[in-house]
Amino acid sequence: MFLFRRSVYLDNNATTRPSKRVIKRMGAVLRDCYGNPSSLYKDARDSAAALDDARSALAAAINAAPSEMIFTGSASEALNTVLKTAYELFPSKKILITPIEHSAVISTVQYLRGKGARIEVCPVDSGGFLRKDQFALMLGTDTSLVCCMFANNEIGAIQDIKALSPVARAAGALMLSDCVQALGKIPVDVRELGVDYAVFSAHKIHGPKGVGALYIKSGCPLVPLIHGGHQESGLRAGTEGIHNIAGFAAACAEVPGLLSAGQKLSAAKTRLETELRRLKPEIKVNSPHENCLPNTLSITIPGVVNSVLMGVLDFYGISVSAGSACNTQENVPSHVLKAIGLTDEEARSTIRLSLPEDITNSGINYVCHVLSDYFGGRCPGVTMFTPAQVGEAALLGGGLFILDVRFESDRRALKGLPGSREIPFFRFISYLGKVPRNKAVLVVCQAGFNAPLVAFYMRNKGFNNVGFLAGGLIGWKLFNPRLYEKHCGRDISGL
Ligand code: PLP
């Protein structure tokens, strides 16, 4: 194992680093535009002007009219607003989605289904592309809204929205496209796409978190999600976060530059893929080779548990995503990977590498070095305990030091293992001095994603006998329901 350590960020689809221009603009707006844009005096007018400029900048970036744009608190909020509008205005019609939408869509339609909404899911093929034959059949004449993302966040598949929109329109349906991952990576022109609604998020294009935008084609209906003042033409109440909105606009000014990095990103991605295949020929690439975001590479590495690999990479300063639901409440494989045909096991062996525009050759070399060491067994290992291995004897025998790194909300949802010591996941490093080094340590989290990270870190810090509970407490409880009722919640304390 080589010794130098650096930082390589390969999670640009999760979020991006705010650019210098964005930070500067936000600082200036926070300082100078504190007036409420709904008021009438000079300070307020300055804020209203900043808001107006930002709306124009965003509209220009996607070829919309400023009057067709509203700002929201996130892309999730914008998606919720449109989906709920469709159900509220056309309750007897169906909403047609793809199975690879972001959870902001999937969870919202699940909620609406619970209220009685008709939701149908049009299948995708193994590349993640909507099955156009099925789409035409499923649309019928009773679809209120089609919701199809432009580019997928996990595998990078780019949908042919331009071809789908006229089909939806001909069937009398409105068309919503989640363009969050597309903006800044591929050209987005809402007129050319022919959509009625499109959704964007600032933090995916080097802007701030907590601000999204919704394009509503002139004449299309929208029922506000948040009621109150008359902000955003009465469509989204709440005093505008002008610094965030201005930061979004500053990020939009950089979209042409981001787009021009596309070729470099594609080349870097190809190099990474080639190197990875050389290191481990059995790797399976889930991202399509054509019509794919230039920066997104989803790979399945047979025999590798993604959460453990993430732990290894994290220790060496490399940030990637699992490509499966890193949800602390559930232990379910990614719905996107399942929809393109991966098994649960394959999904749990999958990671997503999403390259930033400033990726360098040496960054890629470093990642390949670490992976080569990991594949070659040259990284220290941690023990993976299955739920079956953590039975009554292991729990009560006194040989295990159980470190519970769950979040507060997880602790409320499930009782901890008996005798466990609780520490906060975000701050686990500052507690490690209190963990005995002469005992076997079992790290436990809710769903099995966070514990391997902690265990791997500890192993590298000299804890030679450390492991994690595979599947987390959720998996353990499913396997040991009787033990859960009998022992869990007993003798638990903070560290
Ligand atoms: N849609 C896609 C495709 C995304 O990748 C994301 C972010 O993860 C969202 C929607 C949600 O964006 P926001 O964080 O602004 O709610």
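**A walk through one predicted chain**

Let me begin with overall form: for 495 residues, a compact globule would be expected to have a radius of gyration near 23 Å, and because the protein chain comes out at 24 Å, the two agree. Please keep in mind throughout that what we are looking at is a predicted model. Along its principal axes, the C-alpha trace spans about 70 × 50 × 50 Å, and the chain is built with 19 helices and 18 strands.

How much of the protein chain counts as buried? The figure is 56% of the 495 residues, while the surface that the chain exposes comes to about 20,400 Å², with carbon and sulfur atoms supplying 54% of it. If we take the contacts between residues at least 6 apart in sequence, 74% of them join residues at least 24 apart. As for charge, the chain has 53 positive and 42 negative charges, and the mean positions of these two groups lie 6 Å apart.

Now let us go inside. In soluble globular proteins, nonpolar side chains tend to be buried together. Here the largest nonpolar core has 76 residues, and Leu353, Leu417, Met458 and Trp476 are the ones with the most contacts inside it. The element that gives the most to this core is helix α17, residues 450-460, which contributes seven residues. Apart from this core lies another, of 62 residues, which includes Ile100, Phe135, Ile161 and Leu337.

Two of the residues I named deserve a second look. The first is Met458, and if we set aside its neighbours within four places in sequence, Met458 touches Leu403, Leu432, Val435, Val441, Val443, Phe463 and Val466. The second is Trp476, which belongs to helix α18, residues 472-479, where it is buried along with Gly472, Leu473, Ile474 and Gly475. Against what do the buried residues of α18 pack? Their partners are two helices, α15 (392-396) and α19 (481-487), and two strands, β16 (440-444) and β17 (466-469).

Finally, I would like to turn to helix α8, residues 242-252, which is mostly covered, since 10 of its 11 residues are buried. Among those buried residues are Ile242, Ile245, Phe248 and Cys252, and so are Asn244 and Gly247. The buried residues of α8 pack against the helices α1 (20-32), α2 (42-62) and α9 (255-260), and also against the strands β2 (69-72), β7 (197-201) and β8 (212-216).

How values were computed: Residues numbered from 1 in each chain as written. Predicted model: local features only at pLDDT ≥ 70, side-chain atom pairs only at ≥ 80, totals over all residues. Heavy atoms only, no water. Helix = DSSP H or I, 4+ residues; strand = E, 2+ residues; numbered from the N terminus. Rg over C-alpha atoms; globule rule 2.2 N^0.38 Å. Buried < 20%, exposed > 50% of the residue type's maximum accessible area, 1.4 Å probe, protein only. Contact = heavy atoms within 4.5 Å. Areas by Shrake-Rupley, 256 points an atom, 1.4 Å probe, with all protein chains shown as cover. Lys, Arg positive; Asp, Glu negative; His and termini not counted. Charge placed at Lys NZ, Arg CZ, Asp CG, Glu CD. Core = buried A, V, L, I, M, F, W, Y, C linked by side-chain atoms within 4.5 Å.
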